Amino acid sequence: AVRRDAPVEHADRGRRRRLLPRAAQRRHRPPGAARLERDAGAEVSANTNELVEHIESVLELESKLAVARERAELVARSAHRVQASLTAPCDRLRGHAAELRRLYDACSLLRDLHRLLYLSRRLRELLEPEPTDMAMAAEYVHEARVILANSDLSGIDAADAELPRLQRAEGVVVARAVETLAHGMEVGNHADIGMALQTLVNLHRLREYVRAAVRSQCDKATAAVASLSLA
């Protein structure tokens, strides 16, 4: 029973202590508390002006920050409006640029196709029924080969129809140039040699065929010398 009543008694003593006069409470303070209180009060009294100034500075800074925040929000809203007003014209400009690029590519393709058809027609005129101007035909063949290498004309019916004709024309020009060069070197006809060399130059295939012709003549000369020595 004593133990159960102990907390009640302790609570009563606490209430009685709170009900004591302030002077009595001061007497119950630990030693040094009064001095600490006096020192703290003196410190606060001595720095009151400084604390007030700090508080005023903080309040002023808060007001300035609020104004700056409001201005920043205004600038952000203005930037969003400007961005919205510029986005649509920029998108339209990009679309027009892409459309112009596609139009330019289509025009380039049509120009190359038209040039290829013209070269094929001119080659037929120069090579059929008999070859006439081999040097000009070689120049046309080379230009057609460059167009086919640089432009993707596959899938276009007109271009696909001309490819076999252009290949045959190139074969005819090369064969006639090699034959003319070999005959000219064999009989010593400088006109034939010059025409064959000019044809190979226009074809941009001079080195390979001249080397082959010189090698063939050297082999013939070697064979002739060997036959004479055996005789």
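What share of the contacts in the chain with a separation of 6 or more is accounted for by residues 24 or more positions apart? In this predicted model, such residues account for 64% of those contacts, and the legends below begin with the whole chain before turning to single residues.

**Figure 1. The chain holds eight helices and zero strands.** Read from the N terminus on, the elements run α-α-α-α-α-α-α-α. The chain has 231 residues, of which buried residues make up 17%. Its accessible surface comes to about 17,600 Å², and carbon and sulfur atoms contribute 59% of that surface.

**Figure 2. Asp 192 is a buried residue without a salt bridge.** This residue belongs to helix H7, which covers residues 190-203. Because a salt bridge needs a side-chain nitrogen of Lys or Arg within 4 Å of a carboxyl oxygen of Asp or Glu, it helps to look for the nearest side chain of opposite charge, which is that of Arg 176, 9.4 Å away. The side chain of Asp 192 does, however, make a polar contact with the side chain of Asn 189, at 3.1 Å. When neighbours within four places in sequence are left aside, Asp 192 is in contact with Thr 180, His 183 and Gly 184.

**Figure 3. His 142 meets residues that lie far along the sequence, including Leu 203, which is 61 residues apart from it.** His 142 sits in helix H5, residues 134-150. Although 61 residues separate His 142 and Leu 203 in sequence, their C-alpha atoms are 5.4 Å apart in space. Leaving aside neighbours within four places in sequence, His 142 is in contact with Leu 203 and also with Asn 202 and His 204.

**Figure 4. His 204 has a positive phi of about 60 degrees, although it is not a glycine.** His 204 is found in the loop between H7 and helix H8, the latter spanning 206-230. Is His 204 buried or exposed? With a relative accessibility of 58%, His 204 counts as exposed, because the cut-off for exposed is over 50%. His 204 is also one of the residues in contact with His 142.

**Figure 5. A cis peptide bond leads from Glu 128 to Pro 129.** The omega angle of this bond is near -5 degrees. Pro 129 lies in the loop between helix H4, residues 48-127, and H5.

**Figure 6. Cys 107 and Cys 218 are both partly exposed.** The relative accessible area is 39% for Cys 107 and 42% for Cys 218. The count of disulfides comes to zero.

Key:
Residues are numbered from 1 along each chain as its sequence is written. This is a predicted model: local features need pLDDT of at least 70, side-chain atom pairs count only at pLDDT 80 or more; totals for chains, interfaces and linings use all residues. Side-chain values use heavy atoms; hydrogens and water are left out. A disulfide is a pair of cysteine sulfur atoms within 2.5 Å. Buried means under 20% relative accessible area, exposed over 50%, partly exposed in between (1.4 Å probe, protein chains only). Helices (H or I, at least four residues) and strands (E, at least two) are DSSP runs, numbered from the N terminus. Lys and Arg count as positive and Asp and Glu as negative; His and the chain ends are not counted. A polar contact is a pair of N or O atoms within 3.5 Å; within protein, one must be able to donate a hydrogen and the other to accept it, and residues adjacent in sequence count only if both atoms are side-chain atoms. Contact means heavy atoms within 4.5 Å. Accessible areas come from the Shrake-Rupley method with a 1.4 Å probe; for residues, only the protein chains shown count as cover.
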